[in-house]
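Colleague: I would like a close look at a single part of this protein rather than a tour of the whole. Could you choose one strand and take me carefully through its surroundings?

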Amino acid sequence: MRGLVIRPFEARDAEDVRWLLEEAFGNPGEAKLVEAIRSAGDDVLELVATHEQQIYGHILFSRLVVESKNRSADAVALAPVAVRPDKQRTGVGKALIENAHHLLKNAGEELSVVLGDPAYYARFGYARQRAAKLESDYQGEYLQALAFSPEAPTMGRLVYAAAFSQS
């Protein structure tokens, strides 16, 4: 989409992001999740997509820990990504995900996990096979992972931010 600006979330965006999440998901659940993650300080990266000062999209990555016998490693969980219903299928979601991945990789993150449509997230490098040996309450065909580095954990228990168990 021409003229789209991807930028960090700012406190002044909170009301517009809440509205966008409720519209995109049809209920307040995701908005409450985002607010709880933010309140707990578990947000790692939060971006908005704007066009002419209006918010068209939002993405949040929260802290995730991969615990194994030998080590504990930080990772991130993508949840949620949302685009205004009237702007879906225009490249806004793609721009948010690609920009976020670039920033996360440059920040030294090694692994991102998502729970979502495999056909959609495969376009960005997420794979079910990459998440197959990760233990999770959300284990199944929709749990996928993307490694940003060869050192990314391949096994262990995923420990999500507390907000996920409260929602």
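Modeller: What follows is an account of strand β3, its partners, the cores around it and a few other parts linked to it.

The model is a predicted one, so please read every value below as computed from a prediction. Strand β3 covers residues 54-67, and 10 of its 14 residues are buried, so the strand is largely enclosed by the rest of the structure. As a general point to keep in mind while looking along it, side chains in a regular strand alternate between the two faces of the sheet.

The strand that comes before it in the chain is β2, residues 43-51. β2 and β3 run antiparallel and are joined by 8 bridges, one pairing being that of H51, which stands opposite Q54 in β3. The two strands form a hairpin with 2 residues between them, and in that turn E52 has a positive phi of about 50°.

On leaving β3, the chain passes through another hairpin, in which 4 residues lead to β4, the strand of residues 72-83. β3 and β4 are again antiparallel, and their pairing extends over 10 bridges; within it, R63 has V76 of β4 as its bridge partner. The loop between β3 and β4 also holds R71, which takes part in a salt bridge with E110, the closest N and O atoms being 3.9 Å apart. Because E110 lies in the loop between α3 (92-106) and β5, the pair ties together parts that are 39 residues apart in sequence. Both residues count as partly exposed, since the relative accessibility is 23% for E110 and 41% for R71.

A further partner of β3 comes from much later in the numbering, namely strand β8, residues 156-160, which pairs with β3 in the antiparallel sense over 4 bridges. Here L64 has Y160 as its bridge partner, and E67 stands opposite R157. R157 has a second residue facing it, for E135 also stands opposite R157, and E135 belongs to strand β6 (residues 134-135), which pairs with β8 in the parallel sense over 2 bridges.

The pairing of L64 with Y160 leads on to the interior, where both residues are among those with the most contacts inside the largest nonpolar core, a set of 29 residues. L111, V113, L134, L158 and F164 are also named among the residues with the most contacts there. β3 supplies at least two residues of this core, as does each of α1, α2, β4, β5 (111-115), β7 (143-147), β8 and α6 (163-166). L111 gives a good view of how these parts meet: leaving aside neighbours within four places in sequence, L111 is in contact with residues including V66, A75, V76, L134, A145, L146, A147 and F148. Apart from this core lies another, of 23 residues, which includes I59, V92, L104 and F124; I59, by its number, falls within the span of β3.

One of the elements that packs against β3 is helix α1, so I add a word on that helix, whose buried residues also pack against α2 (29-40), β2 and β4. Those buried residues are V17, L20 and L21. They cover an arc of only 100° around the axis, which puts them on the same side of α1. In general terms, an α-helix has 3.6 residues a turn, so residues three or four places apart point the same way. The length of the helix can be checked as well: at 1.5 Å a residue, the 12 residues of α1 (residues 14-25) should span 16 Å, and the end C-alpha atoms are 16 Å apart, which agrees. After the helix comes G26, with a positive phi near 75°.

Finally, the salt bridge of R71 and E110 is one of 11 in the structure, and another group of them is found in the stretch of chain before α1. There, D13 forms a salt bridge with R7, with the closest N and O atoms 2.8 Å apart, and both of these residues are buried. E10 forms a salt bridge with R12, where the corresponding distance is 2.6 Å; E10 counts as partly exposed at 32% relative accessibility, whereas R12 is exposed, with a relative accessible area of 61%. Salt bridges that share partners join R7, E10, R12 and D13 into one network.

Note on methods:
Residues are numbered from 1 along each chain as its sequence is written. This is a predicted model: local features need pLDDT of at least 70, side-chain atom pairs count only at pLDDT 80 or more; totals for chains, interfaces and linings use all residues. Side-chain values use heavy atoms; hydrogens and water are left out. The expected span of a helix is 1.5 Å times one less than its number of residues. Buried means under 20% relative accessible area, exposed over 50%, partly exposed in between (1.4 Å probe, protein chains only). The arc is that of the directions from the helix axis to the C-beta atoms. Contact means heavy atoms within 4.5 Å. Two strands pair if DSSP finds at least two bridges between them. A nonpolar core is a set of buried Ala, Val, Leu, Ile, Met, Phe, Trp, Tyr and Cys residues joined through side-chain atoms within 4.5 Å. A salt bridge is a side-chain nitrogen of Lys or Arg within 4 Å of a carboxyl oxygen of Asp or Glu.
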